Amino acid sequence: MDSGGDLSGYTFGPFERVTLDDPVFDSKDRRDRFVERLRSGHRFFGFKMDGRVAAYFWFSISCVVPLSLGAKAEIPTGAGYIWDCRTAPEFRGRGLYASGLRLLVDVNRAEGRSLTLIACDADNVASRKGIDKAGFVQSACWEIQRIGPLRFARKDSGAWQNVSLSRVIVL
Ligand SMILES: CC(C)(COP(=O)(O)OP(=O)(O)OC[C@H]1O[C@@H](n2cnc3c(N)ncnc32)[C@H](O)[C@@H]1OP(=O)(O)O)[C@@H](O)C(=O)NCCC(=O)NCCS
């Protein structure tokens with residue numbers, strides 16, 4: 001495994017049980033989402049160190065997931081999607097994010113899917129760097145706008161589409 005960082009002492013895996021008062025869940029929203037997403041079939045992967053969650057990654061297939069500004073994305077059949085990742089502040093800058101992304105690509109491939117998708121906000125420098133480092137290649141750039149209750153999206157500077165009607169962008 002080419003981790004890109006020193007992973008000694010960390011356990012990587014899908015975790016169905018974590019302590020909900022783990023400091024990585026720094027808000028009630030995050031704790032609630034953990035319970036609700038597992039119940040909906042999404043999978044929670046992460047690195048643990050001494051029983052604590054140092055970094056986590058949500059992983060899903062064939063589903064609709066939230067994007068920025070309240071837009072939603074449909075994950076095409078046959079692809080795995082990594083989303084809502086977080087490294088606990090005191091574990092940042094140690095390569096956990098980039099390493100976890102690589103490991104999830106391997107997990108996805110081992111399950112028979114050759115395509116792994118991920119998205120991040122264009123101004124999220126840390127996330128973009130980690131994604132690049134993990135070997136992902138940019139395939140599209142979506143712009144999303146919210147005007148009141150409406151959501152508009154366009155891909156690669158193409159035509160705007162009202163995604164409040166269809167509710168989803170197909171990634
Ligand atoms: C984005 C995030 C997950 C990165 O976690 P991490 O484990 O610290 O990332 P890594 O250590 O693997 O670093 C990846 C690259 O980003 C760089 N990086 C990390 N934080 C950075 C920052 N704040 N600004 C610029 N670059 C940064 C690292 O130096 C590394 O690049 P390098 O190898 O060239 O040095 C973490 O900052 C985080 O949890 N942010 C809040 C939530 C978020 O934005 N999630 C991503 C969207 S899904």
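Good morning. Two strands are said to pair if DSSP finds at least two bridges between them. With that term in place, consider the strands β6 and β7 in this predicted model. Four bridges join β6 to strand β7, residues 115–118, and the two run parallel. Within this pairing, Y81 stands opposite L117 in β7.

Strand β6 has another partner. Strand β3, which covers residues 52–61, pairs with β6 in the antiparallel sense, over six bridges. Here Y56 stands opposite R86 in β6.

Let me now step back to the chain as a whole. The chain contains four helices and eleven strands. Its radius of gyration is 16 Å, close to the 16 Å that the globule rule gives for 171 residues, so the chain is as compact as a globular protein of that length. Along the principal axes, the C-alpha atoms fill a box of roughly 50 × 35 × 30 Å. Of the 171 residues, 25% count as buried. As for contacts with a separation of 6 or more, 57% of them are made by residues 24 or more positions apart.

I turn next to the other strand pairings. An open sheet of three strands has the order β4-β5-β11, and its pairing is mixed. Which strands stand at the edges of this sheet? They are β4, residues 64–66, and β11, residues 169–170; each has a single partner strand, so one side of each is left without a neighbour in the sheet. Strand β5, residues 72–74, is joined to β11 by two bridges, and these strands run parallel. In that pairing, A73 stands opposite I169 in β11.

Strands β8 and β9 form a hairpin with two residues between the strands. Six bridges join β8, residues 142–147, to β9, residues 150–155, and the two run antiparallel. The bridge partner of I147 is L150 in β9. At the turn, G148 takes a positive phi near 60°.

One residue of β9 merits a closer look, namely R154. Is R154 buried, exposed or partly exposed? A residue counts as buried with 20 or more other C-beta atoms within 10 Å of its own, and as exposed with 12 or fewer. R154 has 16 such atoms within 10 Å, and so it is partly exposed. Beyond its neighbours within four places in sequence, R154 is in contact with E143, A159, W160 and Q161. From R154 to L171 there are 17 residues in sequence, and the C-alpha atoms of the two are 12 Å apart in space.

Among the helices, I should like to describe α1, residues 28–39. Helix α1 has twelve residues and reaches 17 Å from its first C-alpha to its last, close to the 16 Å expected at 1.5 Å a residue. How many of its twelve residues are buried? The number is one, so α1 lies largely in the open. Just after α1, G41 takes a positive phi of about 100°.

Finally, we come to the ligand. It is surrounded by 20 residues, of which the closest are T87, R92, Y97, A126 and K129. Three elements each supply at least two residues of this shell: β6 (79–87), α2 (96–110) and α3 (125–133). Which of the elements gives the most to the shell? That is α3, with six residues. By character, the shell divides into eight nonpolar, six polar and six charged residues. Strand β6, with which I began, is thus linked to β7 by four bridges and is also one of the elements that supply the shell around the ligand. Thank you for your attention.

Key. Residues are numbered from 1 along each chain as its sequence is written. This is a predicted model: local features need pLDDT of at least 70, side-chain atom pairs count only at pLDDT 80 or more; totals for chains, interfaces and linings use all residues. A residue is near a molecule or strand if its C-beta atom, placed from the backbone, lies within 6 Å of it. Ala, Val, Leu, Ile, Met, Phe, Trp, Tyr, Cys and Pro count as nonpolar, Asp, Glu, Lys and Arg as charged, and the others, Gly among them, as polar. The expected span of a helix is 1.5 Å times one less than its number of residues. The radius of gyration is taken over C-alpha atoms; the globule rule is 2.2 Å times the number of residues to the power 0.38. Two residues are in contact if their C-beta atoms, placed from the backbone, lie within 7 Å.
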